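Reader: I have a structure to read and a few short questions. Can we go through it step by step?
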Number of protein chains: 2
Amino acid sequence: MLSQKAKYALKAMIALATQEEGNLLQAADIAERQNVPRKFLELILLDLRKHGLVRSQRGKFGGYALAKPADAITFGQIIRIMDGPLAPIPCASLTGYRRCADCRDEKSCAVRRTMREVRDAAAAILDGTTIADALGAGAHEARAALGA
Amino acid sequence: MLSQKAKYALKAMIALATQEEGNLLQAADIAERQNVPRKFLELILLDLRKHGLVRSQRGKFGGYALAKPADAITFGQIIRIMDGPLAPIPCASLTGYRRCADCRDEKSCAVRRTMREVRDAAAAILDGTTIADALGAGAHEARAALGA
DNA sequence: TTTTTGTCGATCAAATTAGTAGTGTTTTAG
DNA sequence: CTAAAACACTACTAATTTGATCGACAAAAA
């Protein structure tokens with residue numbers, strides 16, 4: 001399950017992407033626009049900043065902006081920051097591998113094998129969808145239809 | 001994330017599938033074989049029985065068996081019983097749809113759209129992988145390679 | 001009728017989630 | 001210089017979920 005935190009983060013990043021280059025958006029604005037608790041959103045934006053996806057400016061007329069072009073930021077990056085690995089189970093994760101305590105033989109484990117398939121499919125979509133894709137409704141479908 | 005419960009359920013079903021037709025396997029046996037807490041496993045098996053995936057017999061020499069052929073039971077069915085919908089977010093679920101409280105326009109929501117893609121991809125794998133597939137190591141890959 | 005096994009309800013500790021509150025620290029306007 | 005506005009950071013908390021465990025009960029077979 002995607003946490004609220006990750007969902008809010010995605011929505012915030014999309015909101016930031018609507019701004020033109022260099023224009024800052026304040027946490028309170030994003031919170032109101034996206035219907036998200038303001039203080040909670042601040043924590044999220046802080047986290048995104050620490051991971052280099054967002055830059056911030058303090059003081060009056062401060063705010064946030066994307067730290068990189070919208071087409072260089074993927075859903076996968078954001079979700080991994082907020083919720084951790086995409087894999088349904090740690091033993092099937094690339095970025096956060098951990099052995100199952102109860103697993104006798106990992107090589108032959110069908111659960112792991114299938115969860116790896118699920119992870120790969122999810123990663124293909126999430127690492128292949130950028131904030132820029134999210135901006136135009138239908139943009140990603142168009143891309144997908146073209147086989148891009 | 002797949003819960004421990006769902007993981008144990010999958011492992012238990014796979015263990016049951018190794019038995020020949022009509023042969024019962026006891027909870028304690030499965031627990032030991034699969035390295036799963038016995039009492040916890042009993043709850044899981046009970047739940048699987050109530051959902052018609054497993055049948056049970058009480059008393060001495062009792063135990064559990066699959067209620068259907070192994071190739072008629074999918075990972076998706078088992079996971080939905082244990083953990084609920086496959087979708088990362090309720091608004092992208094087919095089996096457990098719920099609106100996001102904070103969503104202004106669901107039609108144009110890119111988060112939802114992308115999570116639906118993830119759901120569809122996961123469902124395709126999990127509803128397409130049966131307990132029978134899980135039995136032979138590599139069996140599913142072979143199937144997949146053939147485009148089946 | 002005793003033993004073995006599934007059934008079922010209650011309970012529980014730890015972790016996670018989804019926040020809230022409050023204080024500090026910059027920045028800018030005036 | 002100072003007040004206001006904004007981000008930064010720490011701490012706390014309430015509710016829920018997770019991952020179990022315990023014990024009494026019911027059935028089936030030897």
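Reader: How many Å separate a phosphate oxygen of DNA strand D from an N or O atom in the side chain of Ser56(A)?
Author: This is a predicted model, where local features need pLDDT of at least 70, side-chain atom pairs count only at pLDDT 80 or more, and totals for chains, interfaces and linings use all residues. Side-chain values use heavy atoms, without hydrogens and water, residues are numbered from 1 along each chain as its sequence is written, and chains are lettered from A and ligands numbered from 1 in the order in which they are written. Gln26(A) has such a pair with a phosphate oxygen of strand D at 3.0 Å, and Tyr64(A) has one at 3.1 Å. For Ser56(A), the distance is 2.6 Å.

Reader: Which element gives the most residues to the surface near DNA strand D?
Author: Near means that a heavy atom of the residue lies within 4 Å of the strand. Helices (H or I, at least four residues) and strands (E, at least two) are DSSP runs, numbered from the N terminus. Elements giving two or more residues include β1 (54-57) and β2 (63-66) of chain A and α1 (4-18) of chain B. The top contributor, with five residues, is α3(A).

Reader: What percentage of the atoms of DNA strand D within 4 Å of the protein belong to sugar or phosphate?
Author: In total, 28 residues surround the strand, and Arg49(A) and Lys39(B) are among the closest. Of the strand's atoms within 4 Å of the protein, the bases supply the rest, while the sugar or phosphate share is 75%.

Reader: What percentage of chain A counts as buried?
Author: Chain A has seven helices and two strands. Buried means under 20% relative accessible area, with a 1.4 Å probe and protein chains only. Of its 148 residues, the buried share is 50%.

Technical notes
Polar contact = N/O pair within 3.5 Å; in protein donor to acceptor, adjacent residues only side chain to side chain.
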